[in-house]
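Open your viewer and get ready to click along with this short tour. Each stop tells you what to select and what you will find there.

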Amino acid sequence: MRPLLFVALLLVALAASSASAQNLGCLNCSPYDPDSLQNPYGKGSPYAPDGLMNPYSRFGNPYSPDSWTNPYTFEGPKVYDEQGQFRGNLNQNRYDPDSLANPYGRYGNPYSSESPLNPYTPKRRLDIFGK
C-alpha cells in the first residue's frame, strides 16, 4: 500500500510541475489587449511581479537565466503561436540556435518560413510562456 501511495504522490507532483508554464503575455497583440506586452496596465506593466518588463523580476532581470534580457542565456521564455507550435526562445543570445535574436537561426532569420519575424508569412498571435 505504501509504494502505491508514493507512486501516486510522485505522479501528482510531476503533473503539477509540467503544468507550471506561466503565460507572460502576447508579443504581437494590440496595445489595448490586457495580455499585450505593449499595454503598460496589463502584462506589459513594469510593476508586474513576474513581468517581462519588470527589470527586477526573474523574467526581466538581465542577470537571471530565465530572463529575455540576458545576452548569455540559452533558456528564457518560449514563444508559441496560437496553434501551440514552438516559435523560438525569447532571449538576446545571438548564438542560441532557437533564439529570435539569432539572424541565422530558423526562428530569428526574417526569411525562414518558421520565423515569426518573416513579413511574408501569415501573422498569428504569439504568446510567451515562462517555466
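Start with everything on display: of the 131 residues in the protein, 35% are buried, where buried means under 20% relative accessible area, exposed over 50% and partly exposed in between (1.4 Å probe, protein chains only). You are looking at a predicted model, in which local features need pLDDT of at least 70, side-chain atom pairs count only at pLDDT 80 or more, and totals for chains, interfaces and linings use all residues. Residues are numbered from 1 along each chain as its sequence is written, and side-chain values use heavy atoms, with hydrogens and water left out.

**The overall layout**

Switch to a cartoon view and you can pick out one helix and four strands. Their order from the N terminus is α-β-β-β-β. Both kinds of element are DSSP runs numbered from the N terminus: helices are H or I with at least four residues, strands are E with at least two. Now show the surface. Its accessible area is about 8300 Å², and carbon and sulfur atoms account for 62% of that; the areas come from the Shrake-Rupley method with a 1.4 Å probe, and for residues only the protein chains shown count as cover.

**Stop one: Ser-20**

Select Ser-20, in the loop between α1 (2–18) and β1. Is this residue buried or exposed? Ser-20 falls in between: its relative accessible area is 41%, so it counts as partly exposed. Next, add Phe-129 to the selection: 109 residues separate Ser-20 and Phe-129 in sequence, yet their C-alpha atoms lie 9.7 Å apart. Setting aside residues up to four places away in sequence, Ser-20 touches Gly-130 and Lys-131; contact here means heavy atoms within 4.5 Å.

**Stop two: Cys-26**

Move on to Cys-26 in strand β1 (residues 22–26). Cys-26 has a relative accessible area of 0%, so it is buried. Which residues does Cys-26 contact, beyond its neighbours within four places in sequence? They are Asp-35, Ser-36, Leu-37, Arg-125, Leu-126 and Asp-127. You can also draw a line from Cys-26 to Lys-43, 17 residues apart along the chain, with 8.1 Å between the C-alpha atoms.

**Stop three: Asp-127**

From Cys-26, step across to its contact Asp-127, which sits in strand β4 (residues 126–130). Asp-127 counts as buried because its relative accessibility is 12%. Show side chains here to find a polar contact of 3.1 Å between Asp-127 and Arg-125. A polar contact is a pair of N or O atoms within 3.5 Å; within protein, one must be able to donate a hydrogen and the other to accept it, and residues adjacent in sequence count only if both atoms are side-chain atoms. Beyond four places in sequence, Asp-127 also touches residues including Lys-78, Val-79 and Tyr-80.

**Stop four: Asn-54**

Now select Asn-54, in the loop between β1 and β2 (78–81). Its relative accessibility is 9%, so Asn-54 is buried too. What does the side chain of Asn-54 reach at 2.9 Å? The partner is the backbone oxygen of Ala-48. Other residues that Asn-54 touches include Pro-46, Tyr-47 and Gly-60.
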